[in-house]
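Visitor: Could you walk me through how this chain is put together, beginning with its secondary structure and then turning to its interior?

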Amino acid sequence: SATVSNEVTIGDSNITKFRIPGINVTLKDNGGTPTEGQVLTVDGNGEAGFAASSSPLSFRNKLYNGDMRIAQRGDAHQNVGNNASTYTLDRWKLYVQNTPARFQIERNYDHSLPDGFKTSMRISCTTSDTSLAALDEVYLQQSLEGNDVYEFAKGTPSAKQYTLSFYARSDKTGTYIVRLLGRDNTTSNCSAAYTVTNTWTRYVITFPADTNSNRKDNPDNGEALRVMWYLVAGSGINNGTLQTTWANSSDTGAATGQVNFADNNSNRDFYLTGCQLEVGSAVTPFEHTPFSYSLSRCQRYYYAMCTDNYEILGTGHQYYSGNIFIPVYFPTTMRSEPTLEALAGGSGAYVYEKLFGNSAQYHHQISQETGKTGHNQSCIIMSGDNTRHGQTVRCAAHSFGSNVQRFVAFSAEL
């Protein structure tokens, strides 16, 4: 029944569910009466209820590039390993310790992606490790600066819970571990287990709040929190009882129960997308943002300046020192003063070009003037021509030949 006065009442206390035709959402039994600060959330079964939310409706995802759309370094990264920490898709790094296992990381466009997603990350094992040593570790990580996580109020009486959600699947099924690692002051950690199948599943994990004042985050641009998805865990961390509450950082119980993803290199893939970290215990649908916004956020940490066969570095000035100085301005303020990444070339392959009028000259390397580098600009140095003092020169990154990787970028990663 329905009555109308100053409010609308639908049904009575005997009705336990209410479905809205066409919207396909059911208000579940004991969905609750909303109070200030709560939002209506919908679980994976399409049932809705009220839950506390500490996050705004926008900008609630603390992770970057959670849908794996941004790949300034390129779509594919091969032979990743050999005790390396390798950035792949923007803001995502694969850490490989001790193990001989090797991996390929790709931005994947598989048609089987969850509805609403265009891309995922595919991690493929290309060299296996069937007998793990104690120190073997492989995990995918994203590091967050203190400026991004202060809302969790870690280390204070008002500390909030962490709700992590993501979509994953793998042909190596079983128990996987995800871990939060606090990096400021007294380092700390908390882990959780989830069970992976070979069909896309959204996982929701809520980590407890941490009120220990010795483990407080610093509200700055340094690394405060590391989110880690384990793939391989030797007995050094795969031991004891899984550490599911916050504690001072320890290897004991860090990844207890983790399967060995790298025990086979035939059709061995792990897929991940829709990664979201929210303040509080409520989970909300993945926050899709415009591509331009996601790219700009990533460029705070990494700016790929030249990625095509021929691109202008800028207009430089020939100084009496014999060097050409080329000012570079970043599209957004970077986290810290960045360092230049510039591939060196060999004869007939990868070179840098300077053009005085119609006279082109070539070099195989450029460098950075660190004294003229800030958060918003830098200065590239190229060897000049002493006979051209005071002249203006056009400078470019230029690739000769085919299928030659070229790269000029600035990095301020954590």
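**Fold and interior**

Guide: The model is a predicted one, and the secondary structure of its chain comprises two helices and 29 strands.

Visitor: What percentage of the residues of the chain count as buried?

Guide: A residue counts as buried when its relative accessible area is under 20%. Applied to the 414 residues of the chain, that criterion gives a buried share of 51%.

Visitor: Which strand gives the largest share of the largest nonpolar core?

Guide: The largest nonpolar core holds 50 residues, and those with the most contacts inside it are L94, F103, I123, F166, Y194, W229 and F270. Six residues of this core, its largest share, come from the strand spanning residues 223-233, which is β17.

Visitor: How many residues does the second, separate core have?

Guide: This core is separate from the one just described, and among its members are L313, I324, I380 and A397. Its residue count is 22.

Visitor: Against which element do the buried residues of α2 pack?

Guide: Helix α2 covers residues 291-299, and within this helix S294, R297, C298 and Q299 are buried. The buried residues of α2 find their packing partner in residues 302-306, that is, in β20.

Visitor: What share of the contacts in the chain with a separation of 6 or more is accounted for by residues 24 or more positions apart?

Guide: A contact here requires heavy atoms within 4.5 Å. Among contacts in the chain with a separation of 6 or more, the part due to residues 24 or more positions apart is 72%.

How values were computed. Residues are numbered from 1 along each chain as its sequence is written. This is a predicted model: local features need pLDDT of at least 70, side-chain atom pairs count only at pLDDT 80 or more; totals for chains, interfaces and linings use all residues. Side-chain values use heavy atoms; hydrogens and water are left out. A nonpolar core is a set of buried Ala, Val, Leu, Ile, Met, Phe, Trp, Tyr and Cys residues joined through side-chain atoms within 4.5 Å. Buried means under 20% relative accessible area, exposed over 50%, partly exposed in between (1.4 Å probe, protein chains only). Helices (H or I, at least four residues) and strands (E, at least two) are DSSP runs, numbered from the N terminus.
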